[in-house]
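Q: I should like to learn how the features of a structural model are read, one at a time. Could the tutorial proceed from a general idea to the particular case?

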Amino acid sequence: MNIHFIGIGGIGLSALARFMKYRGNNVSGSDIKSTPITKSLDDDGIKVTIPHSADAICHQDLVIYSAAVTNTNTERLEANNQNLKILPRKDALPIILKNTKNYCVCAAHGKSTTTAMLSAILQSSALIGAISKEFDSNFRYIDEVLAFEADESDESFILSNPYCSIVLNTEPEHMEYYNYDEKRFYDAYEKFLDLAEIRVINAEDEFLKDYKKEAIRLYPSKDIKNCEFILKDGEPYTRFELKDYGEFEVWGFGEHIALDASCAILASLLTMNLVDIHQNLALYKGIKKRFDIVKKLDNFIVIDDYAHHPTEIKVTLDSVKVYQNLIGIDEIIVIWQPHKYSRTKDNLEAFKECFAQCDKLIILPVWTVAEPILDIDFAKEFSAYNPIFVDKVKVLDDKLILIKDEKTIDTISSGIVLGVGAGDITYQLR
């Protein structure tokens, strides 16, 4: 089959493109600009057109486009002119995932991490919305068993054909898609669980605790015991006991890491023994942009993290605090790139509280694509932190440079610098 992906440079769509190419399809794609992802796709033998062009559409069997691609996109228009089969990513999932045994992980927080952990344990194929450091990609193919990061943001998780549905938490997020209708939101999670033969859930989640059907239930407050955080060769690890299965050790810091790993372990116990689970869990070395230490000097450390929701930022800061106590660095500096005006506005009060553990807050402009610009007075709302507002930052050798109006306004050369956000902050920090 000849398949073309519009918006192929996205972390999710690029994984699907790689997956379909590996399964014997002729795959091409396009995006608005060249990025490390589009370059790696080229290296994998996938022709990527930069920028979008009608010439990229040449009677393919199927055209798949990302959620960010509007109906005025030149390639979508040309595909319609040629009467091609054209589907949004979510509607293409039943075609892509129909012949695999899918372990689908979904949650407001932690799904990428858990999917990568699960793929490490199962030594399975993987489609992840992040780069696993185990195999330096968002995709790998081993066999027809697949660890899949399912997406609740557009209800596409109910189209993921789950054999095993794993749900870590159900905090309302992306509510603009659900028209701020919580019943519709939770009904989608229930349907995702109902579709699967096997279910693994965090039974202390406010919604999941009332789920009626058969499931493997994790009660973190009593099932996860003796949680401790250690450094091994300077790397962060969490050690914990799970039910009566003994002690486990996993890369990363935090009780949320123990919870994520526990759900992956419980799903794996369906087909694996404990010895192999222990051995394979050690293969997990984290994922890029999740507590990702990108600069490490004696008194200056830079950590890049994808956290872009208040709950995620808070637990990430909890982990940084643990790290700070173990390595003895005095100051925590947070660089926050707000992600979307709608998310910031919807969660403003929680955002105002989630930075409580930092010593200094630096705020970048809002990263936004194709949404209304809302009036948010960041200086007033975050005045308690006495924030520094900059246009961009740059890490150069042994210091962080703060830039405003194309001028350097300050440099920071000591402390733990944590960058949080889902926009281009990751490139600014690298």
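A: The model shown is predicted. We may begin with backbone geometry: Lys289 sits in the loop between helix 9 (274-281) and strand 16 (292-296). Its phi is positive, about 70°, although Lys289 is not a glycine.

Q: Is Lys289 buried or exposed?
A: Lys289 counts as buried, because its relative accessibility is 12% and the limit for burial is under 20%.

Q: How should a positive phi be read in general?
A: Most residues other than glycine have a negative phi, and most peptide bonds are trans. Another case here is His59, a residue other than glycine with a positive phi near 60°. His59 is found in the loop between strand 3 and strand 4, and this residue is exposed, at 58% relative accessible area.

Q: Which residues does a cis peptide bond join?
A: The bond between Ile50 and Pro51 is cis, with omega about -10°. Pro51 belongs to the loop between strand 3 (47-49) and strand 4.

Q: What tends to happen to nonpolar side chains in soluble globular proteins?
A: They tend to be buried together. In this model the largest nonpolar core has 43 residues, and those that touch the most other members are Phe5, Leu16, Ile64, Ile96, Leu127, Phe148 and Phe157. Among the elements that give two or more residues to this core are strand 1 (2-6), helix 1 (11-22), strand 9 (145-149) and helix 6 (182-194). A second, separate core of 42 residues includes Met117, Leu122, Leu168 and Ala258.

Q: Which residues is Leu16 in contact with, leaving aside its neighbours within four places in sequence?
A: With that exclusion, Leu16 contacts Phe5, Arg89, Leu93, Ile96, Leu127 and Phe148.

Q: How is the packing of helix 1 and helix 2 to be described?
A: One considers how closely the axes approach and the angle at which they cross. The axes of helix 1 and helix 2 come within 11 Å and cross at roughly 5°. The two helices are therefore roughly parallel, since angles under 35 degrees are classed in that way. Ile11, Ser14 and Arg18 of helix 1 make the contact with Ile37, Ser40 and Leu41 of helix 2.

Q: Where does Ser160 lie, and what surrounds this residue?
A: Ser160 lies in the loop between strand 9 and strand 10 (162-167), and it is buried, with a relative accessible area of 0%. A polar atom of the Ser160 side chain is 2.6 Å from the backbone oxygen of Phe157. Not counting residues up to four places away in sequence, Ser160 touches Leu97, Asn102, Cys104, Phe148, Ala150 and Phe192.

Q: How many disulfides are there?
A: The test is whether two cysteine sulfur atoms lie within 2.5 Å; the count comes to 0 disulfides. For Cys106, the nearest cysteine sulfur is that of Cys104, 9.1 Å away. Cys106 is buried, at 0% relative accessible area. The sulfur of Cys358 is 8.7 Å from the closest cysteine sulfur, in Cys354, and so too far for a bond. Cys358 is also buried, with a relative accessible area of 11%.

Q: What can be said of Val366, in the loop between strand 19 (360-363) and helix 13 (378-381)?
A: At 16% relative accessibility, this valine counts as buried. Leaving aside neighbours within four places in sequence, Val366 is in contact with Pro338, Lys340, Tyr341 and Phe378. The C-alpha atoms of Val366 and Val250 are 34 Å apart, with their positions 116 residues apart along the chain.

Methods. Residues numbered from 1 in each chain as written. Predicted model: local features only at pLDDT ≥ 70, side-chain atom pairs only at ≥ 80, totals over all residues. Heavy atoms only, no water. Core = buried A, V, L, I, M, F, W, Y, C linked by side-chain atoms within 4.5 Å. Buried < 20%, exposed > 50% of the residue type's maximum accessible area, 1.4 Å probe, protein only. Helix = DSSP H or I, 4+ residues; strand = E, 2+ residues; numbered from the N terminus. Contact = heavy atoms within 4.5 Å. Polar contact = N/O pair within 3.5 Å; in protein donor to acceptor, adjacent residues only side chain to side chain. Axes fitted to C-alpha atoms, helices over the stretch in contact; angles between N-to-C directions. Parallel < 35°, antiparallel > 145°, perpendicular 65-115°, else oblique.
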